[in-house]
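Here is a short report for a reader new to this structure. Take a look at the sequence and the model before reading on.

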Amino acid sequence: MNLLICKEEWRIGNSNRFRIIDPIKIKHILEILHKGVGDRLKAGIVDQSLGQWLIEELGPKEIVGTFKPILRPKPRFPEVHILLAINRPPTVRKILELAGTWGVGGIRFFLTKNSRKDYLTSPVWKPDEIEKELLEGMEQGKNIFLPKVELDFQNDPKTILLETLKNQNFNFRFLLDRKGKSITQISEEWKNKNLEYSENRILVAIGPESGFVKKEIDFWKENRFESVNVSGRVLRTETAVAFLLSRLEEESLFKK
């Protein structure tokens, strides 16, 4: 845990004091970090600020301390949103944690032709499970911005895309595809066209383990999604997402 995320339900009244009763967190602070009364932890409040948390009271069942805000970091650049087809529950957990670590703007899960509906019985889709994975990633990556997660298991990709585009514009639309171009190639083409954007927002469509069927691929391409390839190897979905996000950290690709 590189950062303690202070959850609102831990807040004591309207103060900046927080009470932790989560046994896993308490054990980590006591036995792994070896912290005691008077010690400070790097901490953050979701979507608000980074700072320090001063431990004031410590016991085996609860820890109480005061959060001191220091700064409000900038959200991740570029802003990334993901349309992700249903994958195996362990894969979903890893991607949620990655999203929290990196600071993805949002993920919308949906069904495709090759999606396995039996995956929907997994507890991974419960709100508390989703939050748990996101927060673990955020604490790892020292990120305070909570990704927005939406589950849409009724609508088809066309409806989902229309709803996604309703309130936001995306300068880049990527379709994760081993037959696609590299992000560098797409970036260079964009710069050669001398296009100007006031902000950079990216939307990425990612299929299930077996991929999108041809009709679905055609749909994304018809809607200005460019095929992007992140490796010459065959990757697991969560690995492909990690490769993609690592490339998107190269800010020079998206700045003139």
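## A strand on the inside

Strand 9 has 10 residues, and 7 of them are buried, so the rest of the structure largely encloses this strand. The model is a predicted one.

Strand 9 has partners. With strand 10 it pairs in the parallel sense, over 4 bridges. Here F172 has I202 of strand 10 as its bridge partner. Strand 11, residues 226–228, also runs parallel to strand 9, and 4 bridges join the two. In this pairing, L176 is matched with V228 of strand 11.

## The chain as a whole

The protein chain holds 7 helices and 11 strands. Its C-alpha trace spans about 60 × 45 × 35 Å along the principal axes. Of its 256 residues, 45% count as buried.

Contacts often reach far along the sequence. Take those between residues at least 6 apart: 73% of them join residues at least 24 apart. The accessible surface of the chain comes to about 13,800 Å², and carbon and sulfur atoms account for 49% of that.

## Two nonpolar cores

In soluble globular proteins, nonpolar side chains tend to be buried together. In this model the largest nonpolar core has 34 residues. Which of them touch the most other members? They are V80, I107, F109, F174 and L248. Several elements give two or more residues to this core, including strand 6, helix 2 (89–102), strand 7, helix 3 (127–141) and strand 9 (172–181). Helix 5 (183–192), strand 10 and helix 7 (237–248) are also among them.

F174 is worth a look. Leaving aside residues up to four places away in sequence, F174 touches I186, I202, L203, V204 and A205, and also F225, E226, V228 and L248. A second core is separate and has 14 residues, including L4, I26, A43 and I45.

## Helix 4 and its two sides

Helix 4 covers residues 157–166, and its buried residues are P157, I160, L161 and T164. Seen down the helix axis, these buried residues fall within an arc of 100°, so they line one face of helix 4. The face turned away from that buried side carries the exposed residues K158, L162 and K166.

What do the buried residues of helix 4 pack against? Their neighbours are strand 6 (79–85), strand 7 (106–110), strand 8 (148–152), strand 10 (201–206) and helix 6 (214–222).

## An aromatic cluster

The count of aromatic pairs comes to 7. One of them is F110 with W220: the ring centres are 6.2 Å apart and the planes meet at 65°, so the pair is edge-to-face. This pair links distant parts of the chain, since F110 sits in strand 7 and W220 in helix 6, 110 residues apart. Are these two residues buried or exposed? F110 is buried, with a relative accessible area of 1%. W220 is buried too, with a relative accessible area of 0%.

W220 also pairs with F225. Their ring centres are 5.0 Å apart and their planes are at 65°, so this pair is edge-to-face. Both W220 and F225 are buried. F110, F212, F219, W220 and F225 form one aromatic cluster. F225 also ties back to the earlier picture, as one of the residues that F174 touches.

Technical notes. Residues numbered from 1 in each chain as written. Predicted model: local features only at pLDDT ≥ 70, side-chain atom pairs only at ≥ 80, totals over all residues. Heavy atoms only, no water. Buried < 20%, exposed > 50% of the residue type's maximum accessible area, 1.4 Å probe, protein only. Arc of directions from axis to C-beta. Contact = heavy atoms within 4.5 Å. Core = buried A, V, L, I, M, F, W, Y, C linked by side-chain atoms within 4.5 Å. Pairing = 2+ DSSP bridges. Areas by Shrake-Rupley, 256 points an atom, 1.4 Å probe, with all protein chains shown as cover. Phe/Tyr/Trp six-rings, centres within 6.5 Å; stacked < 30°, edge-to-face > 60°.
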